[in-house]
Amino acid sequence: MPPTLLLHIGHNVDVGAWHLEPTVVAGGFIAVSVYTYAALMLGAFVPWRALAFWAGSLAIFLALVSPLDTGADRLLSLHMLQHVFLTTIGPPLLLLGLTPALVDPLLRPAPILRVARLLTHPVFAGALFIVNM
């Protein structure tokens with residue numbers, strides 16, 4: 001029997017409660033594989049950026065399959081910690097891992113570039129982040 005962790009009085013969370021959801025595992029594998037392949041093929045592989053992207057992917061993956069996800073269904077504190085992983089830690093690391101050579105081909109069409117500029121404007125992005133939280 002896996003050990004339990006007593007986080008709050010009367011609320012045990014099973015430390016061995018990993019659930020490897022096939023869609024999460026496959027999605028994470030595809031995202032990391034496409035990033036690595038594209039970076040190598042375009043000659044845009046920068047080791048520290050790749051580590052940042054992989055760390056962001058790992059943070060999101062752990063938030064979705066680890067005991068944190070199981071505990072998030074029972075405890076508000078773990079639910080909010082899961083939100084921190086999914087919104088504050090993972091995505092900035094993913095963005096830090098992108099290089100201009102990887103992003104430029106996606107932003108070539110003018111309408112997409114305009115929308116991207118709006119979404120990444122600090123005022124708009126900050127407001128969107130606050131609304132999300």
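The legends below accompany close-up views of a predicted model.

**View 1. The largest nonpolar core of the predicted model brings together five residues.** Its members are Y35, A39, A50, F53 and L102. Helix α1, spanning 22-41, and helix α2, spanning 47-65, each contribute at least two residues to this core. Around F53, when neighbours within four places in sequence are left aside, the residues in contact are A31, V32, Y35, L93, L94, G97 and L98.

**View 2. Y35 and F53 form one of the two aromatic pairs found in a search of the whole structure.** A pair of aromatic rings is described by the distance of the centres and the angle of the planes. For Y35 and F53 the ring centres are 4.0 Å apart and the planes stand at 10°, so the pair counts as stacked, the cut-off for that class being under 30 degrees. The pair connects distant parts of the chain, with Y35 placed in helix α1 and F53 in helix α2, 18 residues apart. Both Y35 and F53 are buried.

**View 3. F45 and W54 make up a tilted aromatic pair.** The ring centres of F45 and W54 lie 6.1 Å apart and their planes are at 45°, so this pair falls into the tilted class. F45 has a relative accessibility of 34% and therefore counts as partly exposed, and W54, with a relative accessibility of 31%, also counts as partly exposed.

**View 4. V32 in helix α1 is shown with its contacts from elsewhere in the sequence.** Not counting residues up to four places away in sequence, V32 touches F53, W54 and S57. The relative accessibility of V32 is 25%, so this residue counts as partly exposed, a class that begins where the buried range of under 20% ends. Between V32 and A50, which are 18 residues apart in sequence, the C-alpha to C-alpha distance is 9.4 Å.

**View 5. Q82 in helix α4 has a side-chain polar contact with D69.** Helix α4, in which Q82 lies, covers residues 76-97. Q82 has a relative accessibility of 8% and therefore counts as buried. The polar contact that joins the side chains of Q82 and D69 has a length of 2.8 Å. With residues up to four places away in sequence not counted, the residues that Q82 touches are A63, L64, L68, D69 and A72.

**View 6. Helices α6 and α7 cross at roughly 65°.** Two packed helices are described by the angle between their axes and the distance between the axes. Helix α6 comprises residues 110-120 and helix α7 residues 122-132, and their axes come within 5 Å. On the α6 side the contact is made by L118, L119 and T120, which meet P122, F124 and A125 of α7. Sorted by class, this contact of α6 with α7 has five nonpolar residues, one polar residue and no charged residues.

**View 7. D104 is located in the loop between α5 and α6.** The helix α5 that borders this loop covers 100-103. At a relative accessibility of 43%, D104 counts as partly exposed, because exposed would require over 50%. D104 and L119 are 15 residues apart in sequence, and their C-alpha atoms are 16 Å apart in space.

Definitions and conventions:
Residues are numbered from 1 along each chain as its sequence is written. This is a predicted model: local features need pLDDT of at least 70, side-chain atom pairs count only at pLDDT 80 or more; totals for chains, interfaces and linings use all residues. Side-chain values use heavy atoms; hydrogens and water are left out. A nonpolar core is a set of buried Ala, Val, Leu, Ile, Met, Phe, Trp, Tyr and Cys residues joined through side-chain atoms within 4.5 Å. Buried means under 20% relative accessible area, exposed over 50%, partly exposed in between (1.4 Å probe, protein chains only). Helices (H or I, at least four residues) and strands (E, at least two) are DSSP runs, numbered from the N terminus. Contact means heavy atoms within 4.5 Å. Rings of Phe, Tyr and Trp (its six-membered ring) pair if their centres lie within 6.5 Å; planes under 30 degrees apart count as stacked, over 60 as edge-to-face and the rest as tilted. Axes are lines fitted to C-alpha atoms, for helices over the stretch in contact, and angles run from 0 to 180 degrees between N-to-C directions. Ala, Val, Leu, Ile, Met, Phe, Trp, Tyr, Cys and Pro count as nonpolar, Asp, Glu, Lys and Arg as charged, and the others, Gly among them, as polar. A polar contact is a pair of N or O atoms within 3.5 Å; within protein, one must be able to donate a hydrogen and the other to accept it, and residues adjacent in sequence count only if both atoms are side-chain atoms.
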